[in-house]
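Biologist: Could you take me through one part of this model closely, the salt bridges and the rings around them? I'd like the cut-offs along the way, please.

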Amino acid sequence: MTVVDAAERQHSELDISAREFWAQPFTARDETFAQLRAQPGLSWQRPFSSLFDLEEPGYWAVTRRADIVEASLNYEVFSSAQGVAPDPMPVEMQRIATFFLTMDPPQQTVYRRLVSSAFTPRNVRKIEEQIHANAVRVVDGLIGAGDVDFVAACSGQLPMMTISEMLGVPAADREAVAHAAEKLFSMSDDDYSSLEERATDTINEMILLSSTGIELAKHRRANPADDLMTAIVNAEVDGHRLTDEEVGAFLVLLASAGNDTTKQTTTHAMMALAANPEQRAWLMADFDGRIGPAIEEFVRWSSPVMQFARFVTRDTELGGQQLREGDKICMFYCSANRDEAVFERPREFDLSRSPNPHLGFGGGGPHFCLGASLAKTELRHLFRELLTRLKTVEFGQPEYLQSSFIHGIKRVPAHIG
């Protein structure tokens, strides 16, 4: 088969890089993804617009679940080391915001083990106790609240409480950290930054979060305590310890990725439960026995992180498509989670769905989301409080985030009885 150089390839007529495409509702976008899933091979797409002075010829859109899993497991051929951002961005900039996401094994394995080793059973129990107490506190503030913005009053609260307490962010700094984390992955929306401000704002928010992490690391090295941050700065794997700057990069990753997944899943899932009362009734008939599979459907349905990129390290084939060394692929988890070849009735919200091999936490392999367990713990505790203590929650029309990366809801009016 003849392999065509990137400069000579024809971009797909189904343009999924345009800002106008991502301004459409999720259901409308999925119609296009369904057409792409039905086509042989992969589609060659125009590059996403960039905040930086970088040009790329385009990327291959990977929209079927099987192809995403294959690429995710084969990190030697589909590498993260040159960057994971869908839009053209210097890899050095990406590393500030994504830490070990822009690494491949064996380097990435060391960092994952370093971070994981700090989550001892004792620290995990303490974190879960904090999550439970904070979930109770969040819902305490909602009981009888009347008209609220559900995102500000509920969804956005618990993740940042959890992250701030886990890492010991001082109370005086928490609002600034939460705002920076929210803004970092929302720059494509005019509510957060104008086009002219976006590159500068991206750098500024990264610096604020990173600096906070560096200061926390320095403080705990000088003043150790019985907490997670002390465990992180003291963790050692193969003679390697995290530097203060690496702890800062970890805070950027945790504050942004750890915030968005839980926050967006909470809003999407609560809206889906309100729209599907029979699903809520099924869950509440045996909450403890059914919340596990329900959370998997919450995440599949929400698909909070919609895509990540990889770069091809040698000529290869994926999904019947010949790829060249240096090609970029974008893996669309939001499409994989609606793949008709895998899911029956993929556009239905079904809490009893089994099996449910969604890719809401990535496609598996070494880059599977390190925070998946934490996110599920937060969702379990928060939904127990929401569904057992609030009598009624009625939603108005949501305002969606303009983004090709985060399936976000900025605001949604709700009446809580």
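**A buried charge pair and its surroundings**

Modeller: Happy to! Glu297 is buried, with a relative accessible area of 0%, where buried means under 20% relative accessible area, exposed over 50% and partly exposed in between (1.4 Å probe, protein chains only). This is a predicted model, so local features need pLDDT of at least 70 and side-chain atom pairs count only at pLDDT 80 or more, while totals for chains, interfaces and linings use all residues. Residues are numbered from 1 along each chain as its sequence is written, and side-chain values use heavy atoms, leaving out hydrogens and water.

The partner of Glu297 is Arg300: their side chains meet in a salt bridge at 2.8 Å, N to O (a side-chain nitrogen of Lys or Arg within 4 Å of a carboxyl oxygen of Asp or Glu). Arg300 is buried as well, with a relative accessible area of 0%. The two residues are 3 apart in helix H14 (residues 287-302), about one helical turn; helices here are DSSP runs of H or I with at least four residues, strands are E runs of at least two, and both are numbered from the N terminus.

Arg300 also lies over the face of Phe343, at 5.4 Å from the ring centre. For that label, NZ of Lys or CZ of Arg must be within 6 Å of the ring centre and within 35 degrees of the ring normal. Arg9 has a similar role to play in the list, lying over the face of Trp44 at 4.4 Å from the ring centre.

Now for another charge pair. The side chains of Glu340 and Arg37 meet in a salt bridge, again given N to O, at 2.8 Å. Glu340 sits in the loop between helix H15 (333-336) and helix H16 (372-389) and Arg37 in helix H2, so this pair ties together parts 303 residues apart in sequence. Glu340 is partly exposed, at 43% relative accessible area, whereas Arg37 counts as buried at 6%. Both belong to a network of salt bridges that also links Asp30, Glu31 and Arg347.

Helix H2 (residues 26-38) takes part in a ring pair too. Phe21 and Phe33 pair edge-to-face, 5.8 Å centre to centre with 85° between the planes; rings of Phe, Tyr and Trp (its six-membered ring) pair if their centres lie within 6.5 Å, with planes under 30 degrees apart stacked, over 60 edge-to-face and the rest tilted. Both Phe21 and Phe33 are buried. Ring pairs join them with Trp22, Phe48, Tyr59 and Phe332 in a cluster.
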